[in-house]
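Please open the model in a viewer and keep the selection panel at hand. The stops below proceed from one selection to the next.

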Amino acid sequence: MTDMNWIAIGHLSDIPRRGARCVTTPKGRIAVFRTVDDAVFAVVDRCPHKKGPLSQGIVHGHSVTCPLHNWVISLEDGTAQGADEGATPTLPLRNEDGALFISLDTLSLPADLAAE
Amino acid sequence: MTQKLVIIGNGMAPGRMLEELLEKAPGLYEITIFNAEPRVNYDRIMLSPVLSGEKAYEDIIIHDDAFYAYHGITLHKGAKVTTIDRAAKTVTAENGITAPYDKLVIATGSTPVIIPVPGADLPGVLAYRDLDDVSRMLEIARNGGRAVVIGGGLLGLEAAYGLKRQGMEVSVVHLMPTIMERQLDPAAAYLLEKALADRDITILTKANTKAILGTDEVEAVVLDDGRVLPADLVVMAVGIRPSAQLAKEAGLEVNRGIVVDDGMRTSDPAIYALGECAEHRGQCYGLVAPLYESAKVLADRLSGGQGEYHGSVTSTKLKVTGVNLFSAGDFSEGEGREEIVLRDASAGIYKRIILKDNCILGAVMYGDVADGPWYFDMLKRGTDVSELRATLIHGQAFQGGGEAKDPAALVAGLPDDAEICGCNGISKGKIVAAIREKGLTTLADVRAHTKASASCGSCTGLVEQVMALTLGEAYRPAVVEPVCGCTDLGHDDVRRLIRAKGLKTIPAVMQELEWKTSCGCAKCRPALNYYLVCEYPDEYADDYQSRFINERVHANIQKDGTYSVVPRMWGGVTSSAELRAIADVVDKFAIPMVKVTGGQRIDMLGVRKEDLPDVWADLGKAGFVSGQAYAKGLRTVKTCVGSQWCRFGTQDSTGLGIRIEKFMWGSWTPAKVKLAVSGCPRNCAESTCKDIGIICVDSGYEIHFAGAAGLDIKGTEILGTVKTEDEALEHVVALAQMYREGARYLERIYKWAKRIGYDEVRAQIMDDAEKRKGYFERFVFSQKFAQVDPWSERVSGKDKHEFKPMAVIAQAAE
C-alpha cells in the first residue's frame, strides 16, 4: 500500500451523505461515494451493464442503483447484486480524518474508459 | 536519590496515572503538581449531573487534599505553568514558583473551541468545560429565562438537558443535519431528537450561528437564515482543542496535540504527555476510557516498565436521564462491511451492528443498551462472531429462535382515536367497537357497518389488521404487496401510517414502521420522499438524495450520461424571442439535437451536466423556467388554438390550458401528469387519452380523466361537465389533489382510478362540494412551497456540488 501514489481529491464534507461526486482523471471518470454511515468508496463511474454513470444513482446502504436501468452495484467490490452479473472496477481510497486520497495505480484500462 | 517528577495539570488522566504509579512504585518519586484550576482533582465527566442537579461538587471529587498530604505530593493550586526550560530541566508558573524535574508529564488537557462570531466575548456566553462554567450556568439559571446551546454533540446535549432541569427554556443550535453525527447514524439521531423534544428541548439542525447580540450581556443568538433566538445564556459546546501551546513553546514536536510515542514519550526523552493534550498515532482522544488506558501505560513507564499504548476504540454514552444511548467503534470508513439492524418501534428500540470479516466494527444502540458492553467487549477483542451471527442483534441473553415481526404490531400500537379511514373519518376505536358489538367477521361486514375502507379502499390493509387484532386467529388478512424488500408494508399502509403517526422524516418513517435496512433502497426512498412532500408541504425538507437523478438535477439523463433540457412553453405557445434564445443556446453550447416533443415543447438533447447551470442561466434571461419534463409531477398542458383562431372553437382552450398550467406547475405527483384542453369535440389536443383532459363544448367544459397512451392505451372516463372556466379549474385541481393524496408512488392516474373505482372519484369531486373544496385548498397550500423555479435556484448557486467534479486530476501519477 505504501508504494502507491496517493492523490488528494478533497474532503469527506465535499460529498453529500448518500451521494457521490466525480473525479476527472486521465484514466476516465471516477465516482466517489459517501454512504449514510460516512464510509467512502471510489469506483469507476460506469455501470457494467450499459455504461451508465453510477455517480448519478441513488445511494443506499453500501450500494448504488444505476440511474439508467436500475442495476444495483455494490460499492465495496463493484459487483452487480441480485440476478445481474458484472462488475465495475473499484479503486483504493484512503480517508485520513476526512481528507480523501485515491490511487489510480490499479487502473489499467484507460482505452476502455475513454469510450465514455 | 529520589527522582523528581513534575506534573503539569491535575485532571482525570494524570489523576489516574498517579494512582497507578503510587501503587506500582511508592516513594520512587518526589512529586509536584501544578494545577491551573484552584482546586483538587474532580471527575469532569460528572459535570453534567452537577449541572442538572443530580449530583453536587463534593460527590465528584476524586482526590481530596488529604490524598495529596498522605502521599507527600506538593500540589500548587491555581498555578498555571508558563515556561518549561528543557536545558535546566525546570518549570515555572505564572505566580513565580519554579520546580526542577527529572521526569516531566504534561497534562494540560484541552480548551473549548469558541467560534469567532461577533458577540462571542459577551458576558453570559460560556463554554462547558470546568466547574467554574457550571457554577456560572447555575447562577444564571436561577432566574429561569432562555438558554441557547451552540453545538448538538455529546457535551452540548448534556448541557441542554442540565439547563432544562434547572428550569430554563432551552434551544440547541446544531450545524449538521442530525445531532451527534459523529457517534450516531440518522436513525438513532432521530430517536434521540424525539426524546429531547419530549423533554421540551428545541433542536434546530442545519443552523449556523451568525452572531451573538447584546450590549452589556448576551441577549440573543442570530442564525444565518435570519432567525433570532432570545437568550439569557449561551453555551458554546462545539468542540475542544488540545492545549499544546506550552509544549510548542518549549520546542517539543506538536501537531494537533503533543506528539507521543507508544510509551507516551514526547520528542524529549525526559518529557511525557498524557490526556487530551496528547496526540498518539495521529489521534487525540477526548473520552475518558482511552485516557485511562494511556495513563496506565505511562505509570508503567515511569516505574521502569516497558508498557506500550496501541490506541483505543471508544464508546459513548449520553448522560441524560431516561435516554439510553450507546455508540461504539468505527462506522465511518473502510470496505467489506455488513450491517445487522433491529428496530422495535413500539418499544422505541434501535440497534445496529457493523461487521467486517465476521468481527464487530461498531455498534449504535438506542432504547435498549444493555448489551452495549457485550458488543464493545467483542469489538475490542476482535471476537469472531460468525457462530453468533443469526442471533447477535438480540443480545447476550437471547436464546432460541427470533420472533417474527408483522405489520399488525404497528396497528396494535395505534391509539383508539387514530384515524384509519380518512375518506369517512373512521377511527380504530370505532372499528374495534363495531366488530365486538355486532359480531362482525368479514371485511364486507365491517365496510357495511362502519364505512371504513368503503370509499377509496386505500386503508383496506389497515382495516384488515384491526380485524385480525380484534378477532385473533379467526381472521386472516389478505396478502399485501410490500413497497420493496425493506419492509413488509404496502404503499397504502405506509401512507396511512405516516398520517396516523404524524411521521415527518424518512428516518422517522423507517424507525417507526420498522424498516429492515438502515437507509432504505432506490425503490422505497423516492416513494417515502414523495409521501412526505405531499403530506407536509410546509414542514418537510425535501431529501434530494432520495430523488431519482432527473429530479435531483432538473434535467433528463440520457443513455450516454448527458442530459436533455426542456423549458416550459405555457400551453405550447411560444414566440420569436423565445425561439431565438433557444437557437442561441443551442449554438453557444453546441447542443447536438433539438426536437419537438409530444407535449408541444422543444427539447435540447445532449447537454453536458457541467453546462446545465449555464444553459439554464441563458434560458432564464429569456424568461424560461424549467419545464419539469423530468418530474413525477405536472408535465404539460397541451392545447389547440380554440376560439381565438379556430372556426370551430367553442371556448378559449389555449387560454384555459395556460391558466391551468400556471396554476399547477411545480406540483409533485405520484407519477407524471399530462393534461390537455381541446376547444371543441374534434379534440385536436387529444384530451381523451390524457391523465386529465378537458373538451370545450358550447355549454361549458367536459372534464375527462384516467386516459393513457403509453404502455397501455385507454380512452378517458368522463368526470362530468361544468359551466364556467373557474369551475373547470377547481374540478381539475381537486382531482389532481385527490390523486396526489391517494395514489401509490409511480401509479398513473388511470391505474389509481381503476383501483379505487371511477364512481368514487366522481362522487368525491363532482357530487361532494365540501370534499372538492378541501382538496382544492390543500393543493393551493402545497403550491405555496412547490412553485419555485428549480433552474433559477441552481443558477444562483444551489446544489453547486452537483454540477462540478470534486477534483480534476490532470496527469496520471507515475
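A crossover is right-handed if, with the strands pointing away from the viewer, the path from the first strand over the helix to the second runs clockwise. Helices (H or I, at least four residues) and strands (E, at least two) are DSSP runs, numbered from the N terminus. This is a predicted model, in which local features need pLDDT of at least 70 and side-chain atom pairs count only at pLDDT 80 or more, while totals for chains, interfaces and linings use all residues. Residues are numbered from 1 along each chain as its sequence is written, chains are lettered from A and ligands numbered from 1 in the order in which they are written, and side-chain values use heavy atoms, with hydrogens and water left out.

**Chain B as a whole**

Select chain B, which holds 26 helices and 41 strands. Its C-alpha atoms fill a box of roughly 115 × 75 × 60 Å along the principal axes. Of its 814 residues, 55% are buried (under 20% relative accessible area, with exposed over 50% and partly exposed in between; 1.4 Å probe, protein chains only).

**Strand β13 and its neighbours**

Next, select residues 169-173 of chain B, strand β13; four of its five residues are buried, so the strand is largely enclosed by the rest of the structure. Add β12(B), residues 146-150, which runs parallel to β13(B) and is joined to it by five bridges (two strands pair if DSSP finds at least two bridges between them). Here B:R146 lies opposite B:E169. Helix α5(B), residues 154-165, completes a right-handed β-α-β unit with β12(B) and β13(B).

Now add β14(B), residues 202-204, which pairs with β13(B) in the parallel sense over three bridges; B:T202 is the bridge partner of B:S171. With helix α6(B), residues 186-198, strands β13(B) and β14(B) form a right-handed β-α-β unit.

**An open sheet**

Select β15, β16 and β17 of chain B: they form an open sheet in that order, with antiparallel pairing. The edge strands, each pairing on one side only, are β15 (209-214) and β17 (228-230). Five bridges link β15(B) to β16(B), residues 218-223, and B:G214 stands opposite B:V218.

**Two crossing helices**

Finally, select helices α22(B), residues 725-742, and α25(B), residues 769-786, whose axes come within 8 Å and cross at roughly 80° (axes are lines fitted to C-alpha atoms, for helices over the stretch in contact, and angles run from 0 to 180 degrees between N-to-C directions). Contacts (heavy atoms within 4.5 Å) involve residues including B:E730 and B:H731 in α22(B) and B:R772 and B:K773 in α25(B).
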